[in-house]
Amino acid sequence: MASTIFDLDMIKEVYAKLPEKIAAARKIVNKPLTLSEKILYSHLWQGNATEAYGRGKSYVDFAPDRVAMQDATAQMALLQFMQAGKKKVAVPSTAHADHLILAKQGADKDLQDSLNKNNEVFNFLSSVCNKYGIGFWKPGAGIIHQVVLENYAFPGGMMIGTDSHTVNAGGLGMVAIGVGGADAVDVMAGMAWELKFPKLIGVKLAGKLNGWTAPKDVILKVAGILTVKGGTGAIVEYFGEGAESMSCTGKGTICNMGAEIGATTSTFGYDDSMRRYLSATGRAEVVELADQVAEHLTGDPEVYANPEQYFDQVIEIDLSTLSPYLNGPFTPDLATPVAEMKEKAAKNGWPTRVEWGLIGSCTNSSYEDLARASSIARQAVEKGLITKAEFGINPGSEQVRFTAERDGLLKAFEELDATLFTNACGPCIGQWDRKGAEKQEVNTIVHSFNRNFKKRADGNPNTNAFVTSPEMVAALAIAGDLTFNPITDTLTNKDGEQVKLDPPTGFELPPRGFDVDDNGFQPPAEDGSGIQIVVSPTSDRLQLLDPFKPWDGKNISGAKLLIKAFGKCTTDHISMAGPWLKYRGHLDNISNNMLIGATNAFNMESNKVMNQLTHEYNDVPGAARAYKAAGVPTIVVGDHNYGEGSSREHAAMEPRHLGVVAVIVKSFARIHETNLKKQGMLGLTFANEADYEKIKEDDTFNFTDLVDFAAGKTLTLELEHADGSKESISLNHTYNDQQIEWFKAGSALNLIAAKENS
């Protein structure tokens, strides 16, 4: 397949400087290097390394090679970039229209409906991209992470993206990290990007996958081992003969779901599978360049021979004996081997009738995924099986869809009456208009996505969603039974015969090569200076931003509690997606969803909090607006891993917009903590976690030493109880000097704009 290689000069420059940069790092660190360290040290903002950084301690400035944004987060990122006063982005950047497309009736109808409904937003993104030198992938072109893997990812590179699953590009040997839009704005504006130097987790893969086991099962097992927060602050680096035996897109699947263990990112060393994939996607020239520096695109041999000496934690998995897994419901780390599901489902009362099988999303929509799942669907047709569940298919890109259709992979699904949805996120992010979901009936679905939080796919809190591989989704949907184990069990066909499904088969890459008529790419204008960006002041979809107010330099006092969130509070709880996606470019409108999914610790209800001005219960946004109108600052209190999930910075911008000054929790998810800092808020943790219990519904809060806010220094919060008694608690923070300047300026963006205007 012939195609233009995007940003080839940039890739050449990265590789040209790589040997010198790694030599400098090796001299400083004075030990063999992991792949992760090679990429981090070769992307320092300052150039060559001059000091060794403390893992999990040092804040380091990096210079990423590129930026990617999806349409739901790009709106706010680009609205912020417009305030930075730049004429053009400083690094190669792209925006991808993939989140705003509803899955309902099928690809053609759904795509047209989306264009009709979201035209204003798509036109805005198209024109901003055109003006500022950003590549735009139009609606229907594909899901951001698959399009990036097919066109932009390259071994040894570093990228950031405004979506937590940016980490997918680790499948092609990158350090690719999900960030909030404000981080993307920094890099697009030509500034350094800051990250705490990650810890390193090594996963040694022995053996080779066989039978029903897929790359997805590797990360499903790892999620079971590490849990949703076990990878926080770390890069997970996979290596070993098992790693080399897997396809490049399989590696992408594993890296993609690393977001579900809280990992900063995951990555694999450069190998033959990457060479094959790059060549198949029209990038043979990148292979030639990479081969010249191949030793620098993987970890040193000593590291992989003695991993315990070089990683903070090592996990070993034998792929030859690995079992297929089903993870869920309601959390991606509840891991159950398929063979144990019958017993576990009975014990937990999980409904075992499977109603839908969904294949695709950014996690599992490659050619190989569709080929292997299709081989199971084809068996159902050939063996006379009656499919019990409904099928939904989301191809990852137009290139994959076009090629899969050409090669007959989709035909087997069509014979099972599957619904082929648009090449977009769809059900995976709540963009699924599922018939009957409003009845909120208890039911079970299986999917090959990455997340299965309550309400995530269809808005129904009683949908039990289980995550598994595409081929296992196909088998369980055909059987209609969560406890079906295709390795051992048989099914009854329409003639009453007992038949067994054979293990899945499928080509890693299309034997006849990839093909596509129109990949959906819009290159930006050479000179965008004459392009005008028009946003109607009466639009309910888009709203130009006003800068947040700087800190007044005084202690914050008289603050009230907006909500004390109990238990899991993800970004879906703080700023849910689904029907709210349409307001992602309008800060005031989308703020009406702020924290409406969080559980109030005082009444165990959602969206019902005490308004201390009236002593009545209000919805959370309503109470926040009342406090803001009265000039009363508010705080939010939360539990562990607060802000887990998506990179959406709306979860930080909405509280900031509605007058929240501090979020105080037991622990944060990485991206959300950074997003709060970027928007000029206080993201703090209890020095003593038990102090969470001291927070009362009708307390008043006073920061007594905020005027002395400094790196490494705890803050003191005075709790003023309704009975007149007072007590003080200590709060920790991870702000460094630069981040404290963001707080003082009112936001990181205010600081950028001030420098640009000075």
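In this predicted model, tryptophan 137 has phenylalanine 521 of strand β21 as its bridge partner. That pairing sits within a broader one: strand β4, covering residues 135–137, and β21 run antiparallel and share two bridges. Helix α3 (residues 71–81) packs on the sheet, where it touches β2 (66–70) and β3 (93–96), and its direction makes about 115° with that of β2.

Stepping back, the sheet is an open one built from six strands, in the order β6-β5-β2-β3-β4-β21, with mixed pairing. At its edges stand β6 (175–178) and β21 (521–522); each has a single partner strand, so one side of each has no neighbour in the sheet. Another helix, α6 (residues 181–188), lies across β2, β3 and β5 (158–161) and runs at about 140° to β2.

A second open sheet has four strands, ordered β10-β9-β8-β11, and here the pairing is parallel. Its edge strands are β10 (265–268) and β11 (313–318), each of which pairs on one side only. From one strand to the next, the twist averages 20°. Strand β8 (residues 199–206) is joined to β11 by six bridges, the two running parallel, and valine 203 stands opposite isoleucine 315 in β11. Helix α7 (residues 215–226) packs on this sheet, touching β8, β9 (234–239) and β11, with its direction at about 140° to that of β11.

Next comes a pair of helices. The axes of α9 (residues 248–256) and α10 (residues 272–280) come within 8 Å and cross at roughly 105°, so the two helices count as roughly perpendicular to each other. Where they meet, Cys248, Thr249 and Lys251 from α9 contact Ser273, Met274 and Tyr277 from α10.

Further along the chain, helix α20 spans residues 620–629, and its buried residues are Val620, Pro621, Ala623, Ala624 and Tyr627. Seen down the axis of α20, these buried residues fall within an arc of 160°, so they line one face of the helix. They pack against four strands, namely β22 (559–564), β23 (609–611), β24 (616–618) and β25 (634–638). The N-terminal end of α20 is capped by aspartate 619, which has a side-chain oxygen 2.8 Å from the backbone nitrogen of glycine 622. Just after α20, glycine 631 takes a positive phi of about 75°.

Definitions and conventions. Residues numbered from 1 in each chain as written. Predicted model: local features only at pLDDT ≥ 70, side-chain atom pairs only at ≥ 80, totals over all residues. Heavy atoms only, no water. Pairing = 2+ DSSP bridges. Contact = heavy atoms within 4.5 Å. Axes fitted to C-alpha atoms, helices over the stretch in contact; angles between N-to-C directions. Buried < 20%, exposed > 50% of the residue type's maximum accessible area, 1.4 Å probe, protein only. Arc of directions from axis to C-beta. Polar contact = N/O pair within 3.5 Å; in protein donor to acceptor, adjacent residues only side chain to side chain. Parallel < 35°, antiparallel > 145°, perpendicular 65-115°, else oblique.
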